[in-house]
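I opened this model to look up how its strands and its nonpolar residues are arranged. My notes are kept in the order in which I checked things.

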Amino acid sequence: TNGLPTDGVLTDPENADITYQMADYDDNNALRINGVTDAGTDFPITFAETGSYSELYLAVTSGDGASTISGTINFDDNTTQAFSSMAVPDWYGSTSLPVIIQGIGRVSRTSVNNPETPSGNPRIYKLTLTVDNANQAKTITGITFQNTGKVFNLFAVTGKLAADCPSPSEITMNSIDSESVSLSWTGFDANETYEVAL
């Protein structure tokens with residue numbers, strides 16, 4: 001009744017359309033960065049399946065206390081988008097991030113005791129990275145991480161596909177009269193054009 005699912009698939013309890021496929025349990029299957037011994041070191045991961053996304057969802061947790069991660073989202077045109085100071089809570093008891101799965105228990109690596117199954121713990125959380133509008137048409141090839149906290153663990157990455165025609169953001173109406181309107185927006189190259197329909 002405890003432990004991770006045998007098929008390695010985690011489903012977001014808040015949105016069943018978001019699923020995470022964990023790596024094979026018999027192999028090295030997680031990115032683990034010790035924020036003390038590995039501080040200042042880049043840890044890149046490369047996606048086996050690439051695509052264009054508006055959001056990335058990371059299945060994460062931290063051990064021995066919270067972690068603080070920074071890094072870049074990496075694109076196929078060799079550009080990047082930075083993210084910084086994102087808190088990842090300890091695997092026990094936090095409610096600061098949405099919980100993907102909890103109450104999975106844990107076993108000692110050095111004894112043959114039965115698994116500990118404290119109520120609602122340990123936990124794996126969902127951390128969201130939002131892709132800037134200007135980058136949503138690009139193909140994401142991976143993510144590079146740094147950790148300055150305790151022991152950060154990444155188990156899986158999934159995402160929300162970007163729309164074929166991303167919407168502009170921060171739309172401002174500059175002026176309006178009976179026959180025309182002047183609009184401005186941010187997040188896209190000046191050469192982008194849009195049709196405004198009334």
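The entries below go from the overall fold to the cores and then to the surface.

I am working from a predicted model, in which local features need pLDDT of at least 70, side-chain atom pairs count only at pLDDT 80 or more, and totals for chains, interfaces and linings use all residues. Residues are numbered from 1 along each chain as its sequence is written, and side-chain values use heavy atoms, with hydrogens and water left out.

Fold. I found zero helices and 13 strands in the protein, taking helices (H or I, at least four residues) and strands (E, at least two) as DSSP runs numbered from the N terminus. The C-alpha trace spans about 80 × 35 × 30 Å along its principal axes.

Cores. I looked up the largest nonpolar core, a set of buried Ala, Val, Leu, Ile, Met, Phe, Trp, Tyr and Cys residues joined through side-chain atoms within 4.5 Å, where buried means under 20% relative accessible area with a 1.4 Å probe, protein chains only. This core has 25 residues, and L58, I143, F145 and F152 touch the most other members. Several strands each supply at least two of its residues, among them β3 (31–34), β7 (80–88) and β10 (140–147), while β5 gives the most, with four. Leaving out residues up to four places away in sequence, I143 touches, among others, F43, L56, L58, F83 and L129, a contact being heavy atoms within 4.5 Å. Apart from this core lies another of 12 residues, including L10 and Y20.

Burial. I noted that buried residues make up 35% of the 198 residues in the protein.

Definitions and conventions
Buried means under 20% relative accessible area, exposed over 50%, partly exposed in between (1.4 Å probe, protein chains only).
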